Every structure is written in C-alpha cells, then in structure tokens.
Amino acid sequence: MRKRPKSQFLFCDRWFDRHWIVRNMEAFQDLIVVILCLSLFSVMLMQLWSIFMALTQQLDYKLVTAKILFILILVELFRLLMIYLQEHSIAVGVAVEVTIVSVLREVVVHGALEISWIQGASICALLLILGALLIVCAKTPHMDCISANTKSCPNVYIESNQLQKEQEFDRSASIQKRR
C-alpha cells in the first residue's frame, strides 16, 4: 500500500506558508525594535538638552545626577536593542547591568538616608543577586555564540579552528603513511 504525501490533505500546508509568515513576522519585529531605538535616541537627546538647561540655571546636584544616570540607563537599553537586532536574542548580561544602574539611580534620587532599613536590606539583597547573576553571565558563553561558531565568539572560534587544523594534520599524516 502506498503512503500519501504528508502535506496533501493538511489544511495548514495547503493554505498557509509558515516560512513566509515567520520571515515577515521577524521583519516586522525588527521594524518595531528599530522604532524603539530611534525613540530611545530621541529621548536621550531631550535629556541631554534638559541637563544643559539645568546647568545654566540654579544647580540641583540631585536632579542633574539623576538625569545623567537616566541617560546611562537609556544608553544601556539602546545597546541591548542593538544586540537584539544583531543576534535576535536578549543579552542577559546587559539587561542585568541596566537593572543594577536603575536600582542605583533610584537610591541616588531618593537618597540613601531617606530609605527605610527594610528597603535598604531589600536593595542590598537585590544588588547581591544581580551581581551574582552578572558574574554567572560573564562566565557562561552565550548560546547563540556557541551555535554560530563565528569570529564574534573568539573562544569557540579559536577552539574550532584548532580542532579543524588538528583534523587536517591527522588527515595529511594518514595520507603520507599510506604512500
């Protein structure tokens, strides 16, 4: 008995091209990320302008410091979006860095002396956990980097090149032994 072709009677394969849908959805997602990048860039420019205006008027150190830290957070978020556009995955290390700077910004804005001891202990615990997560992210190679095996992942690229050279050397040695 002859088997029917797999996609002959399946509704989704006859009416929908899944690959085309996925490609278009990825392009649309990239467009959204580009719009977010442009929006972040414009917010950074507006914040820089407000810092320059704050410097010309009566100087409030707490306000200027909070605005500078906010710009640093925006820069890190911009970098996170750029990494996403390049690799199509979120860089957890960069996200943890953004979170650490955000927590420290809130401490600077509200003042360390104005925070209750429970909030202070919670912030310390959160910073310790984020620091540990940052160390783990730094020690663990990125999964996309491992699977891509490109020059942007030097450890894996060098190891694979060394392995490839050793294999070529073994092949040439076995060819010479046969002669």
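Student: Which residues make the nonpolar surface patch?

Tutor: A nonpolar patch is read as a group of neighbouring side chains on the surface. In this predicted model, the patch covers about 960 Å² and is made by Phe-41, Leu-45, Leu-48, Trp-49, Phe-52, Met-53, Leu-55, Leu-59 and Tyr-61.

Student: Which helix gives the most to the nonpolar patch?

Tutor: Helix H2, residues 18–56, gives the most, with seven residues. Met-53 is found in this helix. Its relative accessible area is 34%, so Met-53 is partly exposed.

Student: How many helices and how many strands does the protein chain have?

Tutor: The secondary structure comes to seven helices and zero strands. Read from the N terminus on, the elements run α-α-α-α-α-α-α.

Student: What share of the residues counts as buried?

Tutor: Of the 179 residues of the protein chain, 20% count as buried. The surface can be described as well: the chain exposes about 14100 Å², and carbon and sulfur atoms supply 67% of that area.

Student: What share of the contacts joins residues at least 24 apart?

Tutor: For this reading, one takes the contacts between residues at least 6 apart in sequence. Among those in the protein chain, 59% join residues at least 24 apart.

Student: At what angle do the axes of helix H3 and helix H4 cross?

Tutor: The axes of H3 (residues 61–87) and H4 (residues 92–110) cross at roughly 170 degrees and come within 9 Å. An angle over 145 degrees counts as roughly antiparallel. H3 and H4 are therefore roughly antiparallel to each other. On the H3 side, the residues that make the contact include Lys-62, Ala-66, Leu-69, Phe-70, Ile-73 and Arg-79. On the H4 side, they include Val-94, Glu-97, Val-98, Val-101 and Arg-105.

Student: How should a salt bridge be read, and what is the count of salt bridges here?

Tutor: Side chains of opposite charge can pair when their charged atoms come close. In this model the count comes to four salt bridges. One of them joins the side chains of Glu-114 and Lys-62, at 3.9 Å from N to O. This pair links distant parts of the chain, 52 residues apart. Glu-114 lies in the loop between H4 and helix H5 (117–139), whereas Lys-62 lies in helix H3.

Student: Are Glu-114 and Lys-62 buried or exposed?

Tutor: Glu-114 has a relative accessible area of 62% and is exposed. Lys-62, with a relative accessible area of 38%, is partly exposed.

Student: Which parts of the chain does the pair of Arg-79 and Glu-97 tie together?

Tutor: The side chains of Arg-79 and Glu-97 meet in a salt bridge of 2.7 Å, N to O. Arg-79 lies in helix H3 and Glu-97 in helix H4, so this pair ties together parts that are 18 residues apart in sequence. Arg-79 counts as partly exposed, at 35% relative accessibility. Glu-97 also counts as partly exposed, at 29%.

Student: At what distance do the side chains of Glu-106 and Arg-105 meet?

Tutor: Their salt bridge is 2.9 Å, N to O. Glu-106 is partly exposed, with a relative accessible area of 35%. The other partner is judged by the cut-off for burial, which is under 20% relative accessible area. Arg-105 has 18% relative accessibility, so Arg-105 counts as buried. Elsewhere, salt bridges that share partners join Glu-76, Arg-79 and Glu-97 into one network.

Student: Which residues does Arg-105 touch?

Tutor: Here one sets aside residues up to four places away in sequence. Arg-105, which is found in helix H4, then touches Ala-66, Leu-69, Phe-70 and Ile-73. These four residues are among those of H3 that make the contact with H4.

Student: Where is Cys-137, and how far apart are Cys-137 and Val-92 in sequence and in space?

Tutor: Cys-137 has its place in helix H5. Cys-137 and Val-92 are 45 residues apart in sequence, and in space they are 7.0 Å apart, C-alpha to C-alpha. Leaving out residues up to four places away in sequence, Cys-137 touches Val-92 and Gly-93. With a relative accessible area of 24%, Cys-137 is partly exposed.

Methods: Residues are numbered from 1 along each chain as its sequence is written. This is a predicted model: local features need pLDDT of at least 70, side-chain atom pairs count only at pLDDT 80 or more; totals for chains, interfaces and linings use all residues. Side-chain values use heavy atoms; hydrogens and water are left out. Patches are made of residues with over 30% relative accessible area and no salt bridge: like charges are joined within 9 Å, nonpolar side chains (Val, Leu, Ile, Met, Phe, Trp, Tyr) within 5 Å. Accessible areas come from the Shrake-Rupley method with a 1.4 Å probe; for residues, only the protein chains shown count as cover. Helices (H or I, at least four residues) and strands (E, at least two) are DSSP runs, numbered from the N terminus. Buried means under 20% relative accessible area, exposed over 50%, partly exposed in between (1.4 Å probe, protein chains only). Axes are lines fitted to C-alpha atoms, for helices over the stretch in contact, and angles run from 0 to 180 degrees between N-to-C directions. Angles under 35 degrees count as roughly parallel, over 145 as roughly antiparallel, 65 to 115 as roughly perpendicular and the rest as oblique. Contact means heavy atoms within 4.5 Å.
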